[in-house]
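Thanks for coming, everyone. I'll take you through a few side chains today. Please look at the sequence and the model first.

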Amino acid sequence: MKTYFLLIFILFQFGHSISMWDVYFEAGPAYGYDKYLILDPNEEYTGGFGIYEGTVFIQGNGAIINLDEGLGIWVSAQFEDSDVRLDMEYVSIINGFEYGAYYSGYAKGEIRNCNFINDYMGLKLLDNTDVSVVNCNFINNEAYGLAIYTEIPNCHVSYCNGWGNGEVYMENCPG
């Protein structure tokens, strides 16, 4: 009887994952951010979430966010004076159906030491976004590692690598 309950307990432990929406929703403010998310590299995180107000930091600590073929993490600011920002470091975002992370409108961000793996597009930037990408890897993304869809991007890329992507970088200047 004890063996049976132990087996059930172990099976539940292997099948347990934590929703990124739950982590985002439960996060509190810290270090000047409205939401400060701290991930544990020994946990499995799934799914994405969206940010349309406030400032958010993801302290990845080497954790993996598995999007399970769903949408990724999106950040969107409607107005130029909006303070909508997502900064993240030391996290791998994998298996995104359309993208790993997506910035649009007037959103801002800094992405350091992150990996975008096996997404359709690793990182997608639109409109008037202002994003810095430092020391990141774009690996095995179907279309692009980093895609910029705008005439007026403000994207600073340094010390990044890409391999196995349809194309590593793409800039589309409409108009």
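Let's start with Tyr24. This is a predicted model, and in it Tyr24 is buried, at 10% relative accessible area. That value falls under the 20% cut-off, so Tyr24 counts as buried.

Who sits around Tyr24? Trp21 pairs with Tyr24. The two ring centres are 5.7 Å apart, with 35° between the planes. That makes the pair tilted. Both residues belong to helix 2, which covers residues 20–26. Three residues separate them, about one turn of the helix. Trp21 is partly exposed, at 44% relative accessibility.

Now widen the view. Trp21 and Tyr24 join Phe25 and Phe49 in one aromatic cluster. Across the structure there are 10 aromatic pairs.

Tyr24 has a charged partner too. The charged end of Lys35 sits over the Tyr24 ring, 5.1 Å from the ring centre. There is another such case: Lys124 lies over the face of Tyr149. Here the distance to the ring centre is 5.4 Å.

On to the cysteines. How many disulfides does a search of the whole structure find? Zero. Why no bond for Cys160? Its closest cysteine sulfur is in Cys136, 4.8 Å away, and that is too far for a bond. The cut-off is 2.5 Å between sulfur atoms. Cys160 is also buried, at 16% relative accessibility.

And Cys155? The closest cysteine sulfur to Cys155 is the one in Cys160. The gap is 8.4 Å, so again it is too far for a bond.

That's my tour. Over to you.

Conventions:
Residues are numbered from 1 along each chain as its sequence is written. This is a predicted model: local features need pLDDT of at least 70, side-chain atom pairs count only at pLDDT 80 or more; totals for chains, interfaces and linings use all residues. Side-chain values use heavy atoms; hydrogens and water are left out. Rings of Phe, Tyr and Trp (its six-membered ring) pair if their centres lie within 6.5 Å; planes under 30 degrees apart count as stacked, over 60 as edge-to-face and the rest as tilted. Helices (H or I, at least four residues) and strands (E, at least two) are DSSP runs, numbered from the N terminus. Buried means under 20% relative accessible area, exposed over 50%, partly exposed in between (1.4 Å probe, protein chains only). A charge sits over a ring if NZ of Lys or CZ of Arg is within 6 Å of the ring centre and within 35 degrees of the ring normal.
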